[in-house]
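Trainee: I am new to this structure. Could you walk me through how a few of its labels are earned?

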Amino acid sequence: MPEVTDGEGVVGRRVTPPVPAPKAKPASRVRMSAAQRREQLIATGRQLFAERGFDATSIEEVAARAKVSKPVVYEHFGGKEGLYAVVVDREVRALLDRITTALTAGHPRELLEQAALALLTYIEEETSGFRVLVRESPLMSGTATFSSVMNDVAHQVEHILGAEYKSRGYDPKLAELYSQALVGMVALTGRWWLEVRKPRKETVAAHLVNLAWNGLSHLEAKPTLITARRH
C-alpha cells in the first residue's frame with residue numbers, strides 16, 4: 001500500500017475504499033406452462049369452493065388468490081361454472097376410486113368395513129374436496145354430486161347384497177333398497193364426522209358396521225310395521 005505525507009511530513013498509508021459488491025439481480029419469475037397454470041387454478045378453485053360454496057365464490061377471488069388476471073381463468077375454464085365442474089368431477093372420481101379400490105375382501109362384513117373406512121379416510125385426508133362435494137351444486141349445473149357418488153357405491157353394494165340375499169332365501173330384489181340404506185347411513189355419518197372428528201375414524205367405522213351387520217344378520221324375511229299390526 002503506498003505511503004503518503006500530510007502537510008507536516010507525517011507519514012501514513014493511503015486507505016483504499018472497499019469495492020462495492022455487485023448488486024444481486026432480482027429473481028426472475030418462473031413462468032408456468034398452460035398445464036401447470038390450469039392445475040394451479042383447479043387447486044385454488046377447490047379451496048375457495050370448499051370455504052365459501054359455489055354462489056359465494058367469484059372469478060375475481062379465484063384470480064386474485066392465484067395471482068393471475070380474470071381473463072386467464074376464463075381462458076382455461078370459460079367461467080366459474082366450468083371451473084366448478086372440473087373440480088367436482090375430479091373429487092367424484094377420486095372418492096369413487098378410493099371406495100372401489102378398498103372393496104377387496106370376500107366376506108360381506110369386511111366389505112362394509114372397507115367401504116366405511118375408505119369414506120372416512122377420504123374425509124380425513126381430502127377435507128376440502130369432501131366439503132365441495134357435500135355442498136349444494138348450482139342449479140342446472142349438470143355436474144355430479146356427492147349423492148351421485150353414493151348412488152354409484154350403492155349399486156356396487158347392491159350386487160354384493162343381492163348374491164348374499166339369494167343364498168339366504170331373501171328376496172334379492174330388495175337388495176337395492178338395503179344398499180341405499182346402508183350407504184346413506186355411512187354417508188350421513190361421514191358428514192357429521194367431518195365437523196366433530198371424534199371418536200377416531202376406526203371407532204366410527206366399527207360402530208357403523210356393528211349396526212349394519214348385526215341388523216342384516218337378524219333380518220325378518222317379510223317385515224311388517226308394528227303399528228300396522230294393531231289395526
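Mentor: Gladly; we will take a polar contact, a helix pair and a nonpolar core in turn, keeping in mind that this is a predicted model.

Trainee: What makes the link from Tyr-170 to Leu-219 a polar contact?

Mentor: The side chain of Tyr-170 reaches the backbone oxygen of Leu-219 at 3.2 Å. The cut-off for a pair of N or O atoms is 3.5 Å, so this pair is within it.

Trainee: Where does Tyr-170 lie, and how far is Leu-219 from it in sequence and in space?

Mentor: Tyr-170 lies in the loop between α7 (146-168) and α8 (175-196). Tyr-170 and Leu-219 are 49 residues apart in sequence, with 9.0 Å from C-alpha to C-alpha. Beyond four places in sequence, Tyr-170 also contacts Tyr-165 and Ala-221.

Trainee: How do α5 and α9 pack, and which classes of residue meet there?

Mentor: Helix α5 (residues 108-125) and helix α9 (residues 201-217) pack at about 145°, with axes 9 Å apart. The crossing is right-handed. Their contact has twelve nonpolar, one polar and five charged residues. Leu-112 and Glu-113 are among those in α5, and Leu-208 and Trp-213 among those in α9. Leu counts as nonpolar and Glu as charged, so Leu-112 and Glu-113 fall into separate classes.

Trainee: What makes Val-73 and Phe-146 buried?

Mentor: Both belong to the largest nonpolar core, which has 59 residues. A nonpolar core is a set of buried residues, so each has under 20% relative accessible area. Beyond four places in sequence, Phe-146 touches residues including Leu-95, Phe-130 and Arg-191.

Terms used: Residues numbered from 1 in each chain as written. Predicted model: local features only at pLDDT ≥ 70, side-chain atom pairs only at ≥ 80, totals over all residues. Heavy atoms only, no water. Core = buried A, V, L, I, M, F, W, Y, C linked by side-chain atoms within 4.5 Å. Buried < 20%, exposed > 50% of the residue type's maximum accessible area, 1.4 Å probe, protein only. Contact = heavy atoms within 4.5 Å. Helix = DSSP H or I, 4+ residues; strand = E, 2+ residues; numbered from the N terminus. Polar contact = N/O pair within 3.5 Å; in protein donor to acceptor, adjacent residues only side chain to side chain. Axes fitted to C-alpha atoms, helices over the stretch in contact; angles between N-to-C directions. Left-handed = near helix turned anticlockwise from the far one by under 90°.
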